[in-house]
Amino acid sequence: MATASHHQSLLPRRRFLKSMAKASAIFALPHIIPGSALGRSNTVAPSERIVLGGLGLGGRGTGDLSDFLRNPDVQFVAICDVRKERRLAIKKMADQLSGNQDCAMYRDMHEILGRTDIDAMLIATGDRWHTMASITAARAGKDVYCEKPCSMTIAESRALADTFRKYDRIYQAGTQRRSIGNFIFATGLVAAGKLGKLHTVHANTLPPATSHQWLPGEPEPAKDDVDWDMWLGPCPWRPYNSQYIRGGWRGFFDFHGGGILEWGAHTVDLCQWAAQKDHTTPVEFVPEGSGVHATYADGLKLVMRDEGWMGLGTCSVRYEGDEGWIETGDSGNFAIHPESLRTEQTVFRQAGTDPSTHIRNFLNCIKTRQPANSNADVAARSHVVSHAAYIAWQLGRTLKFNPLTEAFIDDDEANRMRSRALRAPWRL
Amino acid sequence: MDVPKLILTYGLICFFLGCLPASLVAQQPPPAEGSEEALITVLESNASLFDKAKACQQLATVGTKACVPTLVKLLAQEQLSHYARYALEPIPDQSVDVALRGALGQLEGWHLVGVIQSIGTRRDVNATTDLEKFLGHANPEVAAAAASALGRIGSPSAANILKTAMQDSDTAGPAIADACLTAADQFLAKGELQWARDLYDTLLEADLPKHFHIASMYGALKCRGSDDLKLMIEQLQSEDLDFFQVALSMAYELQGDNVTSALIHEIPKLQSKSEPSFKKFVILKAEYGADTTWRDVTKQVTDAVVGDSISIAADNQLAGDPIPNVEKKLRVEYTLDGLLHTKSVPEGMILEIQPDPHPDVRQALLIYALGVRGDRAALPAILELARTGPAESRLAAVRALAKLGDVTAVPMLLEIAIATQGEIAAESRTSLANMAGEPIDTLLSDQLATSEGPERLLLIELAGRRGITTAAGHLIQLTRHDDPAVRIAAMDALGTTIQLDQLNVLIDQLIHPQSPSIANAASEALRKACLRMPDRDACAMEFLRRLPSAPTDAQKTILTLLGVVGGPKALAGVAAAAKGDDSALHDRATEVLGKWASPDAAPVLLELANADHYSYRHRTLRGYISVARRFDYSGVQRIAMCQHALDAATRDDEKKLVFDVLKEKVPSPESLAIVVSYLKQDSLKDDACAAAVAIAEEIAPRDPKSAQDALQQVLEATNNQDITAQAKKLLDQIGR
């Protein structure tokens with residue numbers, strides 16, 4: 001079967017740069033088709049909108065929801081959360097905006113996913129739930145916008161991509177920098193050959209370490225207030241401690257993928273994109289201090305590091321070719337060499353943390369069925385890279401990797417770290 | 001990034017870092033270390049749940065068949081069953097498969113579900129017969145797990161079991177359907193298309209929720225690929241938008257001229273069968289004439305409207321001959337559903353306005369997909385739709401031209417952009433701005449030289465949006481045009497087209513503006529231009545040469561622009577202004593220095609912070625501290641900068657900012673010593689104590705002595721209960 005690539009690498013160089021430089025404007029189209037004309041066939045009347053449900057919306061999720069609701073073709077109808085206070089907070093926010101009391105609340109994910117009127121889900125739970133919730137939503141026929149990181153393991157990454165392909169559902173990872181002007185521009189600069197032959201890409205990551213400890217047990221709250229078993233979901237059981245549910249789950253191995261994944265979900269993903277490696281991964285991972293240096297089959301280096309950045313904002317990336325380099329970050333500013341490349345610059349005002357353009361891309365893709373900017377395939381690949389890097393860093397040794405099988409070569413111990421058994425009844 | 005976003009981002013980082021468990025400077029080894037034998041001993045002892053759980057997690061990476069019997073015994077235990085599977089699942093030994101199969105008959109409930117899942121994860125092809133027995137299990141979770149496991153195994157034997165179960169009303173349902181999809185997907189990936197197709201067809205015939213049929217249809221289309229488009233075409237013709245959208249998904253994926261041809265062929269068929277109608281059709285104005293002589297025929301044209309349509313001849317019978325011996329036109333301005341349109345026909349022709357068919361989103365979506373495919377073979381069809389298509393499709397075609405269009409599309413898009421209003425006009429402008437190709441730049445630039453009126457304004461805008469540098473000369477001329485709108489538009493376009501040797505044109509407009517709006521336009525254009533100038537120092541010199549003679553307001557703007565330019569010359573110029581005699585510039589110059597985009601502003605910031613009686617010394621000190629925080633320095637360099645900042649600081653809030661940098665960016669014994677030296681200053685001691693505890697927590701694993709010493713001093717210095725509790729807790733941890 002002949003399949004079209006979604007890369008634009010076949011375009012002439014100059015044309016590519018121009019189109020990429022303007023891509024943010026294209027992606028930012030407010031509506032591909034007027035929303036009033038494009039409701040899903042079973043939900044057209046009366047709203048003719050994309051009907052949205054929310055799952056696990058805390059601080060980041062509430063921000064995402066606010067951005068979703070700025071789009072007039074979105075109707076938010078229900079929230080599901082294992083924490084009562086969050087259910088109530090989201091309902092209050094949604095009802096105030098809609099002027100009614102219609103936002104339904106659920107504690108059990110299966111109930112909200114069973115609603116046939118809901119087209120799409122916004123998922124912003126803790127990391128441990130991202131893959132499981134996304135997959136379960138796809139199996140229920142929903143399109144999904146899910147916060148990063150998208151997975152906890154290599155196996156989860158693969159299952160995520162497979163499931164969304166299997167069900168022909170739209171998936172958008174919350175790696176919004178793929179829809180933000182300065183990062184799009186930097187990618188375009190590489191693709192246009194303005195840096196010459198690319199030899200190294202750098203991704204800003206955080207210190208990788210996690211803990212295997214348990215916090216001291218505390219009495220479990222009433223199930224309706226906090227459903228601890230559901231909070232744990234597919235993760236290994238441990239005694240309840242209120243710190244976990246207040247955000248203190250970060251840094252614990254069972255719940256968190258570590259610092260490489262924490263920012264690598266964004267920055268490694270950007271490097272994969274810029275290097276046109278969305279279809280593959282590096283073939284070697286070498287731990288270096290608090291980071292990992294990786295190499296692709298064609299010799300391109302991917303440096304994941306937490307130090308040595310130029311102060312251009314969080315989640316910085318740097319692309320180096322044999323004729324020049326560019327570094328950019330969440331400030332929207334650049335450093336470019338040689339200076340002559342400054343002629344390619346333009347003004348970017350959107351911060352790297354702003355998901356609004358990315359969300360609009362997702363909504364448009366629900367209607368056009370075009371793969372979203374951070375679709376499950378590209379998200380899975382870049383997450384596999386971060387997971388593989390973290391495994392190499394934990395083992396403290398160089399690992400060889402086969403991108404086709406997503407398995408380490410001749411390293412049984414590393415291969416066994418590619419997945420974790422899930423607690424029943426949760427399954428990929 | 002605006003300030004609130006910056007604060008938010010920084011806050012998120014601090015939140016993340018703050019939430020990390022203590023002392024994670026290196027990966028913690030799993031608590032249960034040792035040989036496999038030692039770990040088995042733990043599992044068979046009266047060790048705590050935690051110890052056994054961690055032993056299992058460690059066995060997941062080091063266990064062999066030796067530990068399997070011990071682990072299997074845990075499968076029935078309430079809190080260890082999952083941990084046992086955690087260990088067993090990745091062990092690469094067939095004894096695990098045998099053991100898991102053997103456990104099936106001895107477990108129930110969640111434990112049974114879990115073991116079935118593990119069998120599925122391990123893709124144990126020898127388990128299909130065992131799993132089949134559970135498909136009709138009374139516990140639906142057990143049945144669903146068995147189905148899922150069979151799907152993951154995905155062998156021909158498993159596929160046959162699932163297909164049979166799908167055809168049996170007792171077992172058919174979403175779980176079996178999901179498993180069939182999983183198996184089919186694997187066959188498809190392996191190129192075993194007949195197996196895949198058989199399963200997809202089975203699902204399409206089954207009574208299932210719609211989304212399973214959508215998924216199955218998608219798989220069925222993938223099996224057929226670009227060689228057999230019949231089923232895909234059928235879906236494109238479906239009145240059900242969901243199935244149409246499945247075909248649309250394939251339209252993005254399938255390559256080939258035959259696919260493009262087939263898609264183009266389908267476009268005209270995607271017309272709604274519903275009755276066409278306008279909600280509101282209003283003639284606003286109609287005129288008949290030529291050149292500057294026009295006769296109002298609005299009433300005559302309005303009277304000719306029948307229902308939603310009009311058909312009227314453009315001739316002298318409308319209202320006589322307004323201008324003899326000249327070919328005339330009938331032009332009509334009207335609205336459809338509130339959107340303004342214009343149409344004109346030459347004398348002797350019939351002006352017809354017919355209602356478009358009811359908007360059909362399928363046609364528009366297919367046009368969009370053709371645009372995304374980027375196959376130029378679709379260009380003629382897209383151009384025709386942009387000219388004559390129904391409103392929704394016309395809009396989609398105009399958008400598709402952004403990707404597909406070439407120079408032949410330009411005249412039509414210009415006409416649409418000028419002659420219409422609303423969304424389609426805006427999209428035409430956007431497509432004109434985004435279409436790739438040097439010939440388009442040349443055409444637009446040439447046309448700009450001879451254009452006027454609305455067309456000129458549009459071409460100016462396009463020159464700017466496309467960055468047509470060859471148009472800069474003409475744009476410069478237009479900055480002196482009589483019409484202020486043209487002047488401002490030209491300046492805006494120069495921001496993205498002007499070259500270094502032309503920069504003075506905009507600087508002139510900044511220094512000697514004809515109005516405040518011209519000054520603003522010049523400033524904004526220069527800001528864009530500054531980012532693009534290839535030689536920063538040369539650009540800075542252009543500004544610095546004009547700075548001394550400029551009025552104060554323009555001087556301030558130039559200082560801001562020098563901050564955008566960056567580089568050594570710009571920095572020297574701003575520094576000179578900050579230190580100079582003209583105090584009116586100190587405010588702006590220090591503001592610019594405080595936000596300088598590279599660390600080389602640090603020395604001048606520190607110099608000004610140490611200058612006695614300098615009005616902005618506090619601002620410059622904060623700028624210096626910000627540099628120490630924002631940019632990449634070695635620990636030694638950063639600590640030295642913090643010490644310099646503390647030496648220059650005269651206010652407590654400034655010293656607290658330094659404590660934050662030490663705590664967050666360089667937690668080290670040296671930083672700790674600096675912070676501890678402030679423990680006895682009453683107004684600072686709480687903040688110093690808090691910083692000391694935070695730093696001590698970070699360094700304790702590698703330098704417990706320094707941490708302990710500092711914590712003891714904290715306990716002596718503070719009365720704050722929270723800090724005391726934290727310090728005691730940390731001392732206790734270090735002591736253990």
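The following exercises with worked solutions concern a predicted model with chains A and B.

Local features need pLDDT of at least 70, side-chain atom pairs count only at pLDDT 80 or more, and totals for chains, interfaces and linings use all residues. Residues are numbered from 1 along each chain as its sequence is written, while chains are lettered from A and ligands numbered from 1 in the order in which they are written.

**Exercise 1. Overall form of chain B**

Task: compare the radius of gyration of chain B with that of a compact globule of 736 residues.

Solution. Step one is the rule: the radius is taken over C-alpha atoms, and the globule value is 2.2 Å times the number of residues to the power 0.38. For 736 residues this comes near 27 Å, but chain B has 38 Å. Step two is the extent: the C-alpha trace spans about 110 × 90 × 40 Å along its principal axes. Step three is the domains, whose bounds come from an automatic or database domain assignment. Domain 1 covers 36-223 + 231-269, domain 2 covers 281-353 and domain 3 covers 667-735. The centres of domains 1 and 2 of chain B, over C-alpha atoms, are 68 Å apart.

**Exercise 2. Helix H15 of chain B**

Task: check the length of helix H15 (residues 241-253) of chain B against its expected span, and find which of its residues are buried.

Solution. Helices (H or I, at least four residues) and strands (E, at least two) are DSSP runs, numbered from the N terminus. The expected span is 1.5 Å times one less than the number of residues. For the 13 residues of H15(B) that gives 18 Å, and the end C-alpha atoms are 19 Å apart, which agrees.

For burial, count other C-beta atoms, placed from the backbone, within 10 Å of a residue's own: 20 or more is buried, 12 or fewer exposed, and in between partly exposed. Ten of the 13 residues of H15(B) are buried, among them B:Phe243, B:Phe244, B:Leu248 and B:Met250. The cover includes helices H13 (210-224), H14 (230-236), H16 (257-266) and H18 (361-373) of chain B.

**Exercise 3. A helix pair**

Task: describe how helices H27 (residues 503-511) and H29 (residues 536-546) of chain B pack.

Solution. Axes are lines fitted to C-alpha atoms over the stretch in contact, and angles run from 0 to 180 degrees between N-to-C directions. The angle here is about 35°, with the axes 11 Å apart. Residues are in contact if their C-beta atoms, placed from the backbone, lie within 7 Å. H27(B) contributes B:Leu503, B:Asn504, B:Ile507 and B:Ile511, and H29(B) contributes B:Glu542, B:Phe543 and B:Arg546.

**Exercise 4. Backbone exceptions**

Task: place the cis peptide bond from A:His337 to A:Pro338 and the positive phi of A:Asp410 and B:Asn325.

Solution. Most residues other than glycine have a negative phi, and most peptide bonds are trans. The A:His337 to A:Pro338 bond is cis, with omega near 0°; A:Pro338 lies in the loop between strand E13 (334-337) and helix H12 (356-368) of chain A.

A:Asp410 has phi near 55° and sits in the loop between strand E15 (407-408) and H14 of chain A. A:Asp410 is exposed because 8 other C-beta atoms lie within 10 Å.

B:Asn325 has a phi of about 65° and belongs to the loop between strands E3 (310-313) and E4 (329-336) of chain B. With 5 other C-beta atoms within 10 Å, B:Asn325 is exposed.

Definitions and conventions:
Two residues are in contact if their C-beta atoms, placed from the backbone, lie within 7 Å.
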